[in-house]
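Work through the exercises below with the sequence and the structure open. Try each task before reading its solution.

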Amino acid sequence: MEIVSSKFTVLFEEPFWIGLYERQEGRQYEVCKITFGSQPQDCQVLEFLLQNWDRLRFSPPSAAALPDRRRVNPKRMQRAIQRQVRPAGIGTKAQQALKRQQEQKRQDRKGHSRAQRSAQKERRLSQRQEKRRQKHRGH
């Protein structure tokens, strides 16, 4: 029985979004690179593959090692798929810069409110001391 597997990955390769379609039939490994331009949505990728399936140009087949034939626990496979699909946090430089700016503002706000609290404490302390002095003034 021949093992057939395929994998489609969308990634950003400066300055375009590309799709890598890998397929392996037995010991033959082939790959096709598709250039998208702007970031494609899932439905656009599927539509592109369905419409242009016959026009995809794969690389010449190369020898590949056979994958393990052992059975994978379905829950473990599902977790692995979710890990690959889930976005890995903030990705673009602009988003990272905005996150750093937000964190800096939060730190500044914390410092400012701490200073206000200590100033308020000092003011109350001085008011209490002044009031105590007024009581002991005697006349």
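A residue counts as buried when its relative accessible area is under 20%, as exposed when it is over 50%, and as partly exposed in between. The model used here is predicted.

**Exercise 1. Classify I81 and describe its surroundings.**

Solution.
Step 1. Locate the residue: I81 lies in helix α2.
Step 2. Apply the cut-offs. The relative accessibility of I81 is 37%, so I81 is classed as partly exposed.
Step 3. Look at the nonpolar side chains around it. Together with V72, M77 and V85, I81 makes up a nonpolar patch on the surface. The accessible area of these four residues together is about 350 Å².
Step 4. Recall a general point about helices. An α-helix has 3.6 residues a turn, so residues three or four places apart point the same way.

**Exercise 2. Describe helix α2 as a whole: its span, its cover and its start.**

Solution.
Step 1. Helix α2 covers residues 74-85, which is twelve residues.
Step 2. From the first C-alpha to the last, α2 reaches 16 Å, close to the 16 Å expected at 1.5 Å a residue.
Step 3. Count the buried residues among the twelve: the count is zero, and α2 is hardly covered.
Step 4. Turn to the start of the helix. There, a side-chain oxygen of N73 comes to within 2.9 Å of the backbone nitrogen of K75.

**Exercise 3. Put the strands in order and explain which of them stand at the edges.**

Solution.
Step 1. List the elements. The protein chain has three helices and four strands, and along the sequence they follow the pattern β-β-β-α-β-α-α.
Step 2. Arrange the strands. They form an open sheet in the order β1-β2-β3-β4, with antiparallel pairing.
Step 3. Find the edges. β1 (4-13) and β4 (62-63) each have a single partner strand, so one side of each is left without a neighbour in the sheet.
Step 4. Recall how such pairing works in general. Strands of a sheet pair through backbone hydrogen bonds, either parallel or antiparallel.

**Exercise 4. Go through the sheet pair by pair, giving bridges and facing residues.**

Solution.
Step 1. β1 and β2 run antiparallel and are joined by ten bridges. In this pair V4 stands opposite E25 of β2. The two strands form a hairpin with two residues between them.
Step 2. β2 (residues 16-25) and β3 (residues 28-37) are paired in the antiparallel sense over nine bridges. L20 faces K33 in β3, and the bridge partner of R23 in β3 is E30. The hairpin of β2 and β3 also has two residues between the strands, and G26 takes a positive phi near 65 degrees there.
Step 3. β3 and β4 pair in the antiparallel sense over two bridges. Here Y29 stands opposite S62 of β4.

**Exercise 5. Is Q24 buried or exposed? Relate the result to the whole chain.**

Solution.
Step 1. Q24 is placed in strand β2.
Step 2. Q24 has a relative accessible area of 13%, so Q24 is buried.
Step 3. Consider a residue distant in sequence. S6 is 18 residues from Q24 along the chain, yet their C-alpha atoms are separated by 6.2 Å.
Step 4. Set this against the whole chain: of its 139 residues, 10% count as buried.

Terms used:
Residues are numbered from 1 along each chain as its sequence is written. This is a predicted model: local features need pLDDT of at least 70, side-chain atom pairs count only at pLDDT 80 or more; totals for chains, interfaces and linings use all residues. Side-chain values use heavy atoms; hydrogens and water are left out. The expected span of a helix is 1.5 Å times one less than its number of residues. Buried means under 20% relative accessible area, exposed over 50%, partly exposed in between (1.4 Å probe, protein chains only). A polar contact is a pair of N or O atoms within 3.5 Å; within protein, one must be able to donate a hydrogen and the other to accept it, and residues adjacent in sequence count only if both atoms are side-chain atoms. Patches are made of residues with over 30% relative accessible area and no salt bridge: like charges are joined within 9 Å, nonpolar side chains (Val, Leu, Ile, Met, Phe, Trp, Tyr) within 5 Å. Accessible areas come from the Shrake-Rupley method with a 1.4 Å probe; for residues, only the protein chains shown count as cover. Two strands pair if DSSP finds at least two bridges between them.
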